Amino acid sequence: MTEVKPHSHEEHEHQVVSPKVYLAIVATLLVATGLTAGVSYIDLGVFNAVVALAIAVTKATLVILFFMHVKYSTRLTKLVVGSGIFLFLVLISMTLSDYFTRAWGRW
Amino acid sequence: MSDSPAVINGAAAAEHHEHPPYQRHHFETVEQQADTTNFAMWIFLLTEIMFFGGLFTAYLIFRNWYYPAFVAGSHQLSMLWGTLNTTVLIVSSFTMAMGVWCAETRRKNGLVWCLVLTLILGIGFLGIKSIEYTEKIVKHHVPGFHYSVQSFTNPVSDPEVYKEYHDNPLAPDMAVHTELYFSLYFLMTGMHALHMIIGVSILAGMIFKARAGAYTTGHVTFVENFGLYWHFVDIIWIFLYPLLYLISRHT
């Protein structure tokens, strides 16, 4: 059996995220919430949904990167989160594009 | 266990390096253990994303099919409660993140306070949700035998909503599909609320352990992974809020 070198693999220093970062993020999230609520009062047609979802995606990204520390995580975690979300988007977009382009099931 | 040759062998026993009590034997270092736990937690959260994703997909498909019913159903939700709950949950995510920071920097009192605030905000969210659910019960908008389509076939009979949206009456065969809207509404917000209830219960237990100093000795994995769970529940709401409350306000 070959000797396993201790500490040979990629070591990851635990990084403490500063409260200033958290404060900046929570302020941004609250402003974005006010913004998305305000925009919903203006009639933009189909763009109401586009704007609301774009703001939601931005908010979720900030939460994942900073509150959930993915920005400061190992490459393994980044890869897992990224590929998991990618797979999720593939599943949801394939399903929706199938349903939205056919009239089956209606009524 | 003790009859395993590796333990009898003195050389193997000498290899046993010093480590803190919270480090499991099968990990080389505390960092490796922390990274592994973090990885596992994310795998769990991804299965949760797939689960909620199924509900979101169902909602979008049926909204596309029965669009007028889903728009009329959405108009029954209160912007005030929805926006307030979004704010409550975002602030609770912030207090939770601060809790993790307190654990990392070994501030016991700070951690206890952050957890208590997070708990209060979590219960506040559930309280607001129960006000909303009560409105639905009173109006017979809970799917089942007592479900009523009156607000949708005759919108004028529901003056509070009518004065805001001036909805046209739905044909009876479209109005029945509002029940599907409310089924999905209760399923999605209910599953989210269940996650909140589980989170609040775990938080209550954590406060006692935090007071005893369990998380401020350098071993922050539990607080950190609970934080991931709490933020994940926040993210689900970040998407429920526009889908249920915001995108159907016009037309």
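Colleague: Which residue follows helix 5 of chain B, and what is the sign of its phi?

Modeller: Arg106(B) comes after that helix, and its phi is positive, near 60 degrees. Helices here are DSSP runs of H or I with at least four residues, numbered from the N terminus. This is a predicted model, in which local features need pLDDT of at least 70 and side-chain atom pairs count only at pLDDT 80 or more, while totals for chains, interfaces and linings use all residues. Residues are numbered from 1 along each chain as its sequence is written, and chains are lettered from A and ligands numbered from 1 in the order in which they are written.

Colleague: How do you know that the span of helix 5 of chain B agrees with its 26 residues?

Modeller: The expected span is 1.5 Å times one less than the number of residues. That gives 38 Å, and the end C-alpha atoms are 38 Å apart, so the two agree.

Colleague: What makes residues of chain B count as in contact with chain A?

Modeller: Their C-beta atoms, placed from the backbone, must lie within 7 Å. By that rule, 42 residues of chain B are in contact with 43 residues of chain A. Helix 3 of chain B gives the most to its side, with 16 residues.

Colleague: How confident is the predictor in chain A?

Modeller: On the pLDDT scale of confidence in each residue, from 0 to 100, chain A has a mean of 87, and 84% of its residues reach 70 or more. Over residues 1-9 of chain A, though, the pLDDT is below 50. Where pLDDT is low, the predicted coordinates should not be read in detail.

Colleague: Where do the domains of chain A lie?

Modeller: An automatic or database assignment sets the bounds: domain 1 covers 18-68 and domain 2 covers 72-101. Their C-alpha centres lie 20 Å apart.

Conventions. Contact = placed C-beta atoms within 7 Å. Helix = DSSP H or I, 4+ residues; strand = E, 2+ residues; numbered from the N terminus.
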